[in-house]
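Okay, thanks everyone for coming. I'd like to walk you through a structure that's probably new to most of you, so let's get it up on the screen.

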Amino acid sequence: MLEVRNLSAWYGAAQALFDVTLQVGQGELVVLEGLNGAGKSTLLQSIIGLGPRVTGRVLFQGQAIAAWPVHQRARLGLGFVPEDRRLFAELTVRENLLVAARTPVSPVRGGVQRSAAQQLDQVFALFPVLQTMQKRRALEMSGGEQQMLSIARTLMTAPTMMLLDEPCEGIAPVLVESIVDALLQLKSQGMSFLIAEQNALLAAHADRVITLVAGQTGAHLTP
Ligand code: ATP
């Protein structure tokens, strides 16, 4: 599904990734771990097209996408949940979700055309708390609730694979559990994941854990 081959990345003259190679199969949940500064965010941003200058190959659904603009990668089914969430602070939960809505054919739902209303139903089923807060502005939500909204908003773009940058960081344990449950539910429906995360709860459910050390892939561990 996703294949990264010999990916290197540079911020100006400073190299942040060195020949990174990894694969994520259909329906797999792969956790990317590593110390601060190891290059996790750079790798995810490079895959979605928001990163610095890169060389190497990124294949998604069999297509070489490394030179594609972000929106085209998203249209092919790649969703990205950034570390800083990038919500519209003044918009309500419902408005944040509808801004992102589109109605493509989604393999996760068996290739059925879905309307924005159906997509809303799907994300509210995953995150019932968002349904109860539909009219609340994003800036009035806790960090964990905002994280749920950020994940839900990405789901509104109907991805088949999600890249998440530290979705559990700084979030109350009870909300971490809800987020992990939601991600596992999506996985059971066929969604693929590459998730930068230090939280052990998520790693415990991973098909594989890939360790990044100073911009390089280290041991591939199976929990
Ligand atoms: P963290 O967990 O702290 O977010 P990370 O594993 O995601 O760390 P990156 O943020 O990808 O690591 O950083 C990898 C390297 O690239 C670090 O040396 C960092 O200083 C550098 N770097 C990251 N962003 C930039 C930038 N915008 N400009 C220059 N260097 C950067």
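Before I point at anything, one bit of vocabulary: when I talk about an axis, I mean a line fitted to C-alpha atoms, and for a helix that's over the stretch in contact, with angles running from 0 to 180 degrees between N-to-C directions. And please keep in mind that this is a predicted model.

So, helices. In general, two packed helices are described by the angle between their axes and the distance between the axes. Let's do that for three pairs here.

Start with helix α3, residues 93–100, and helix α6, residues 143–155. Their axes come within 8 Å and cross at roughly 30°. Angles under 35 degrees count as roughly parallel, and so α3 and α6 are roughly parallel to each other. The crossing is a right-handed one. Who's touching whom? On the α3 side you've got V93, N96, L97 and A100, and facing them from α6 are L149, A152 and R153. Sort the residues of that contact by class and you get five nonpolar, one polar and one charged.

Now stay on α6 and look at its other partner in my list, helix α7, which covers residues 173–188. Here the axes are 9 Å apart, and the packing angle is about 15°. That makes this pair, α6 and α7, roughly parallel as well. α6 passes α7 in a right-handed crossing. From α6, the residues involved are G144, E145, Q147, M148, I151 and L155, and they meet L175, S178, I179, L183 and L186 of α7. By class, that's seven nonpolar, three polar and one charged.

Third pair: back to α3, this time with helix α4, residues 116–126. These axes come within 10 Å, and the crossing angle is roughly 125°. That makes α3 oblique to α4. The crossing of α3 and α4 is right-handed. R94, L97 and L98 of α3 make the contact with A116, L120, V123 and F124 of α4. The tally for this one is six nonpolar, no polar and one charged. By the way, did you catch L97? You'll find L97 in the α3 contact with α6 and again in the α3 contact with α4.

Just past α6, let's stop at T157. Where does T157 sit? In the loop between α6 and β9, the strand at 161–165. Its side chain reaches the backbone oxygen of T154 at 2.6 Å. For a sense of scale, the C-alpha atoms of T157 and V209 are separated by 26 Å, and those two are 52 residues apart along the chain.

Last stop, the ligand. Which residues are around the ligand? Y11, A16, L35, N36, G37, A38, G39, K40, S41, T42, E83 and E166. A few of them come with backbone distances. A backbone N or O atom of G37 is 2.7 Å from a ligand oxygen atom. For S41, a backbone N or O atom lies 2.8 Å from an oxygen atom of the ligand, and for G39 the corresponding distance to a ligand oxygen is 2.9 Å.

That's my tour. Happy to spin the model around if anyone wants another look.

Definitions and conventions. Residues are numbered from 1 along each chain as its sequence is written. This is a predicted model: local features need pLDDT of at least 70, side-chain atom pairs count only at pLDDT 80 or more; totals for chains, interfaces and linings use all residues. Side-chain values use heavy atoms; hydrogens and water are left out. Helices (H or I, at least four residues) and strands (E, at least two) are DSSP runs, numbered from the N terminus. Angles under 35 degrees count as roughly parallel, over 145 as roughly antiparallel, 65 to 115 as roughly perpendicular and the rest as oblique. A crossing is left-handed if the near helix is turned anticlockwise from the far one by less than a right angle, and right-handed if clockwise. Contact means heavy atoms within 4.5 Å. Ala, Val, Leu, Ile, Met, Phe, Trp, Tyr, Cys and Pro count as nonpolar, Asp, Glu, Lys and Arg as charged, and the others, Gly among them, as polar. A residue is near a molecule or strand if one of its heavy atoms lies within 4 Å of it. A polar contact is a pair of N or O atoms within 3.5 Å; within protein, one must be able to donate a hydrogen and the other to accept it, and residues adjacent in sequence count only if both atoms are side-chain atoms.
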